[in-house]
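Subject: The structure for you to look at

Hi,

Here is the structure I promised to pass on to you. Have it open while you read, and I will walk you through what turned up.

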Amino acid sequence: MTPEAIRIVDSLRREFYSLFAVAMKVPVKITGNSYSSNFPTASWLDNSKRLNYVNIYAYTAPDHLIPERPFILRVAINKGAGRIRIPQWGQECRGFNQGWHFELTLLPEEILDFLPWIVSLIKSHDKGSPPFADEPPHPLELKIYNGLLSNNVWTEKAWQLQNREFARTSA
């Protein structure tokens, strides 16, 4: 990634995690303080005392070899438990929430708009309510596999940008 892309991801991640911690209205621990940290995350315990976490990373980003590569981010919830470091939560924690995960792929300029929607999605899941009750702030590309809604969702703009890039590099 270019230094500018690293700076943008780091800045968006810090702002998102800070706002996320306030919006969740439960204790949230934020680990890592820069892009170079090992997967900075925000983690919390759900109603069942299972550990949940969110991490933000660049799905694709410009670099020195391919400066025109699209800049697309991913917000991952409960993905990659074996690769991340999570702070100790003490005896009340019953382990990782391995029963639910979600990924939202979006453009950097869309991420903060999605913060309330993501918090609502998490709270809905914790209560057992329908997952997409709230209207997203930007149109989504929802995928259905074998009759089930995928847990990997893209914004329309990110999906279109990725498809244009794929078409350009495949030609």
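Let's start with a single residue: at 22% relative accessibility, Ala21 counts as partly exposed, because buried would need a value under 20%. Please keep in mind throughout that this is a predicted model. Ala21 lies in helix 1. Leaving aside its neighbours within four places in sequence, Ala21 is in contact with Val26, Val28 and Ile30. You can also look for Val119, which is 98 residues away from Ala21 along the chain, while their C-alpha atoms are separated by 9.7 Å.

One of those contacts, Ile30, is a good next stop. Ile30 sits in strand 1, made of residues 29–31. With a relative accessibility of 40%, Ile30 also counts as partly exposed. Not counting residues up to four places away in sequence, Ile30 touches Tyr17, Ser18, Ala21, Thr41 and Ala42. Ala42 is 12 residues from Ile30 in sequence, and the two C-alpha atoms are 4.4 Å apart in space.

Now for the overall plan. The protein has 3 helices and 9 strands. Following the sequence, you meet them in the pattern α-β-β-β-β-β-α-β-β-β-β-α. There are 171 residues in the protein, and 43% of them are buried. Among contacts with a separation of 6 or more, 59% are between residues 24 or more positions apart.

Helix 1 deserves some time. It has 22 residues (3–24), which at 1.5 Å a residue should span 32 Å; the end C-alpha atoms of helix 1 are 31 Å apart, so the two values agree. The buried residues of helix 1 are Ala5, Val9, Asp10, Leu12, Arg13, Phe16, Tyr17, Phe20 and Met24. What do the buried residues of helix 1 pack against? They pack against strand 1, strand 2 (41–45), strand 3, strand 4 and helix 2 (115–127).

Just after helix 1 comes Lys25, with a positive phi of about 60°. Most residues other than glycine have a negative phi. Lys25 is not a glycine, yet its phi is positive. This residue belongs to the loop between helix 1 and strand 1, and at 74% relative accessibility Lys25 counts as exposed. Lys49 is another residue other than glycine with a positive phi, near 65°. You will find Lys49 in the loop between strand 2 and strand 3. Lys49 is partly exposed, with a relative accessible area of 37%.

Next, the inside of the protein. In soluble globular proteins, nonpolar side chains tend to be buried together. Here the largest nonpolar core has 32 residues, and those with the most contacts inside it are Phe20, Leu104 and Ile118. Helix 1, strand 2, strand 3, strand 4, strand 5 and helix 2 each supply at least two residues of this core. Its largest share, 7 residues, comes from helix 1. To see some of these contacts yourself, click on Ile118: leaving out residues up to four places away in sequence, Ile118 touches Phe16, Val75, Ile77 and Leu104.

There is open space to look at too. The largest pocket has a volume of about 280 Å³. Of the 18 residues that line it, Val26, Leu45, Asp46, Asn47 and Asp126 are the closest to its centre. Which element gives the largest share of the lining of the largest pocket? That is helix 2, with 5 residues. Strand 2 and helix 2 each supply at least two residues of the lining. Leu45 lies in strand 2 and is buried, with a relative accessible area of 14%. The C-alpha atoms of Leu45 and Pro27 are separated by 7.8 Å, with their positions 18 residues apart along the chain.

Last comes helix 3. Its 15 residues (156–170) should span 21 Å at 1.5 Å a residue, and its end C-alpha atoms are 21 Å apart, which agrees. The buried residues of helix 3 are Ala158, Gln162 and Glu165. They cover an arc of only 60° around the axis, so they lie on the same side of helix 3. What covers these buried residues includes strand 3 (51–60), strand 4 (72–77), strand 5 (102–106) and strand 9 (152–155).

Enjoy exploring!

Technical notes. Residues are numbered from 1 along each chain as its sequence is written. This is a predicted model: local features need pLDDT of at least 70, side-chain atom pairs count only at pLDDT 80 or more; totals for chains, interfaces and linings use all residues. Side-chain values use heavy atoms; hydrogens and water are left out. Helices (H or I, at least four residues) and strands (E, at least two) are DSSP runs, numbered from the N terminus. Buried means under 20% relative accessible area, exposed over 50%, partly exposed in between (1.4 Å probe, protein chains only). Contact means heavy atoms within 4.5 Å. The expected span of a helix is 1.5 Å times one less than its number of residues. The arc is that of the directions from the helix axis to the C-beta atoms. A nonpolar core is a set of buried Ala, Val, Leu, Ile, Met, Phe, Trp, Tyr and Cys residues joined through side-chain atoms within 4.5 Å. On a 1 Å grid over the protein atoms alone, a cavity is a set of points where a 1.4 Å probe fits but cannot get out, and a pocket is an open set with protein on both sides within 12 Å along at least five of seven lines; lining residues have an atom within 4 Å of a point. Grid points are joined across faces, edges and corners, and a volume is the space filled by probe spheres set on the points.
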